[in-house]
Amino acid sequence: MYQPELETLPREKLRALQEERLRRLVAYVYERVPFYKKLLDEAGVDPKGIRGLEDLPRLPFTKKSDLRDHYPFGLFAVPREEVARIHASSGTTGKPTVVGYTKNDLKVFAEVVARSLAAAGARPGMMLHNAYGYGLFTGGLGLHGGAEALGMTVVPVSGGMTERQVLLIQDFRPEVIACTPSYAQTLAEEFKRRGVSPEALSLEYAVLGAEPWTEAIRKQVDEGLGVRSTNIYGLSEIIGPGVANECVEERQGSHIWEDHFLPEVVDPDTGEPLPEGKVGVLVFTTLTKEAMPLLRYWTGDLTFLTYEACACGRTHVRMGPILGRTDDMLIIRGVNVYPTQVEAILLDIPEVAPYYQIVVRREGTLDEAELKVEVTEAFFREVGQKALSDEVVEADHRLHALREKIARRIKETIGVSFKVTLLAPGEAPRSEGGKLKRVLDLRK
Ligand code: ADP
Ligand code: K
Ligand code: ZN
């Protein structure tokens with residue numbers, strides 16, 4: 001552990017620390033951020049009346065649109081001169097949102113990432129191959145600062161240029177790699193293509209995040225790179241990557257560093273706090289941020305929390321995997337569908353690989369959903385076809401049965417009919433460095 005005392009703080013002490021910080025935070029934003037003064041006044045909240053976590057539901061939510069409305073620096077709580085760094089979200093779902101950090105915010109950022117890397121298995125002296133994108137995106141510089149704080153040797157490769165990445169991994173022999181899960185898939189595939197076995201690779205740990213992923217991808221990456229991979233979660237509005245990380249020992253949920261980021265899970269429709277274990281929208285209050293503190297930030301990410309003790313010894317609450325983000329939710333013929341639901345179904349079908357794309361079209365007034373998914377190389381060899389077209393699949397009983405099985409499972413689990421198209425190995429889109437877009441919604 002990077003900060004064992006804080007990471008194993010008993011629940012009562014952790015709560016006392018959170019409550020003290022929460023009181024200070026509400027007074028701080030009331031005084032310094034006109035947006036929050038107005039919001040709190042309108043909600044009838046007197047900062048002096050905030051005593052503890054039980055008062056949290058009285059505080060208003062902050063939404064992504066609030067950040068956009070105050071673009072670029074309108075939510076900063078310190079003079080611009082005191083802002084040491086600016087980042088902006090990649091804008092996966094619209095105009096970028098701008099965030100700022102004071103010197104102390106950057107120190108906290110490095111600390112929580114160092115905790116995350118240590119939880120992922122990294123130790124001082126190990127080498128980190130950092131393939132997260134550098135620049136306005138928080139991934140590259142975020143992992144970089146944390147790795148330096150932990151005492152690692154950092155190789156700031158950034159994303160893309162796969163040829164060079166595989167060369168550097170073979171020549172520098174890093175123990176740890178950080179990148180998106182889809183890019184880890186790309187690298188694993190590339191090593192395989194070159195006949196480099198996982199045993200020959202120096203990598204031991206992979207720290208993967210910035211996009212949803214499932215156990216199917218985990219299995220492929222662990223086997224393909226010869227690593228134990230863990231999930232890193234974060235978002236620029238809260239700080240960046242390193243809000244939470246799985247412990248490599250258990251890999252049963254990601255520990256949220258809750259002395260800095262106070263989590264809640266709330267009902268997506270009503271905003272009411274949900275009990276432990278129930279799936280809802282993840283909401284964070286930043287307890288220590290100086291430049292851009294946020295009250296109850298609505299992430300749009302869907303997951304659940306568990307306060308059960310973890311065998312690793314860390315006391316911090318764990319979040320489940322992100323089951324989807326409300327922004328990514330597809331409404332197909334009136335049914336809510338998350339791409340990760342489809343991916344989870346594929347996990348149980350041994351003949352397909354975790355490479356897929358979902359395409360949604362509108363035919364007349366009806367939504368048509370299509371899942372394009374690759375068969376594994378082994379299955380492809382077994383059926384012995386040269387290429388996969390609709391005609392070939394129709395004529396081959398094994399391919400035909402597989403296609404029917406996938407369509408049936410989707411229909412049974414999600415309740416929507418998908419047209420299933422089988423692809424030969426290598427035909428689905430691959431990550432070339434950053435987050436991979438697995439959904440093509442042609443209705444918009
Ligand atoms: P953008 O919203 O433009 O993508 P960010 O880089 O801040 O900007 O992305 C944060 C979002 O990325 C999170 O809200 C979440 O939806 C997603 N994300 C980050 N880490 C993970 C993860 N480990 N698993 C699933 N989704 C993740
Ligand atoms: K994203
Ligand atoms: Zn743990």
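Which residue in strand 8 is the bridge partner of Leu235? In this predicted model, the bridge partner of Leu235 in strand 8 is Gly240, where strands (E, at least two residues) and helices (H or I, at least four residues) are DSSP runs numbered from the N terminus. Residues are numbered from 1 along each chain as its sequence is written, and chains are lettered from A and ligands numbered from 1 in the order in which they are written. Because the model is predicted, local features need pLDDT of at least 70 and side-chain atom pairs count only at pLDDT 80 or more, while totals for chains, interfaces and linings use all residues; side-chain values use heavy atoms, with hydrogens and water left out.

Strand 7 (228-235) and strand 8 (240-246) run antiparallel and are joined by four bridges, two strands being taken to pair if DSSP finds at least two bridges between them. With four residues between them, strand 7 and strand 8 form a hairpin. Strand 8 also pairs with strand 9 (residues 254-256), in the antiparallel sense and over three bridges, and in this pairing Glu246 stands opposite Ser254 in strand 9. Strand 8 is mostly covered, since seven of its seven residues are buried, where buried means under 20% relative accessible area, exposed means over 50%, and partly exposed lies in between (1.4 Å probe, protein chains only).

The zinc ion (ligand 3) has as its protein donors Cys247 (SG), His255 (NE2), Cys310 (SG) and Cys312 (SG), which lie 2.1 to 2.3 Å from the ion. Donors are N, O and S atoms within 2.8 Å of the metal (3.2 Å for Na, K and Ca), and sites may look incomplete because water is not among the atoms. Along the chain, the donors of the zinc ion follow the spacing C-x7-H-x54-C-x1-C. The arrangement around the zinc ion is tetrahedral because the four donor atoms subtend angles of 101 to 114 degrees, and four donors count as tetrahedral if all angles lie between 85 and 135 degrees. Two of these donors are shielded: Cys247 counts as buried at 0% relative accessibility, and His255 is likewise buried, with a relative accessible area of 0%.

The potassium ion (ligand 2) has Arg325 (NH1) and Lys435 (NZ) as its protein donors, lying 2.6 to 2.8 Å from the ion. This pair links distant parts of the chain, 110 residues apart, with Arg325 in strand 15 (residues 324-325) and Lys435 in the loop between strand 20 (418-423) and strand 21 (439-441). Arg325 is partly exposed, with a relative accessible area of 21%, and Lys435 is also partly exposed, with a value of 36%.

Lys435 is also one of the residues touched by Ser182, together with Glu211, Ser431, Gly434, Leu436 and Arg438, when residues up to four places away in sequence are not counted; contact here means heavy atoms within 4.5 Å. Ser182 lies in helix 8 and is buried, with a relative accessible area of 2%.

Helix 8 (181-193) is in turn among the elements that cover the buried residues of helix 7, which also include strand 3 (127-130) and strand 5 (176-179). The buried residues of helix 7 (residues 162-172) are Thr162, Gln165, Val166, Leu168 and Ile169. These residues lie on the same side of helix 7 because they cover an arc of only 165 degrees around the axis, the arc being that of the directions from the helix axis to the C-beta atoms. On the other side of helix 7, Glu163 and Asp171 are exposed. Just after helix 7, Arg173 takes a positive phi of about 60 degrees.

Helix 9 (residues 215-225) is mostly covered, with eight of its 11 residues buried, including Ile217, Val221 and Leu225. The buried residues of helix 9 pack against several elements, among them helix 8, strand 7, strand 8 and helix 10 (339-347). Gly226, just after helix 9, takes a positive phi of about 65 degrees.

The domain assignment, which is automatic or taken from a database, divides the protein chain into domain 1 (1-325) and domain 2 (329-441). The contact between these domains takes 27 residues from domain 1 and 16 residues from domain 2.

Notes:
Tetrahedral: all angles 85-135°; square planar, octahedral: opposite > 155°, others 65-115°.
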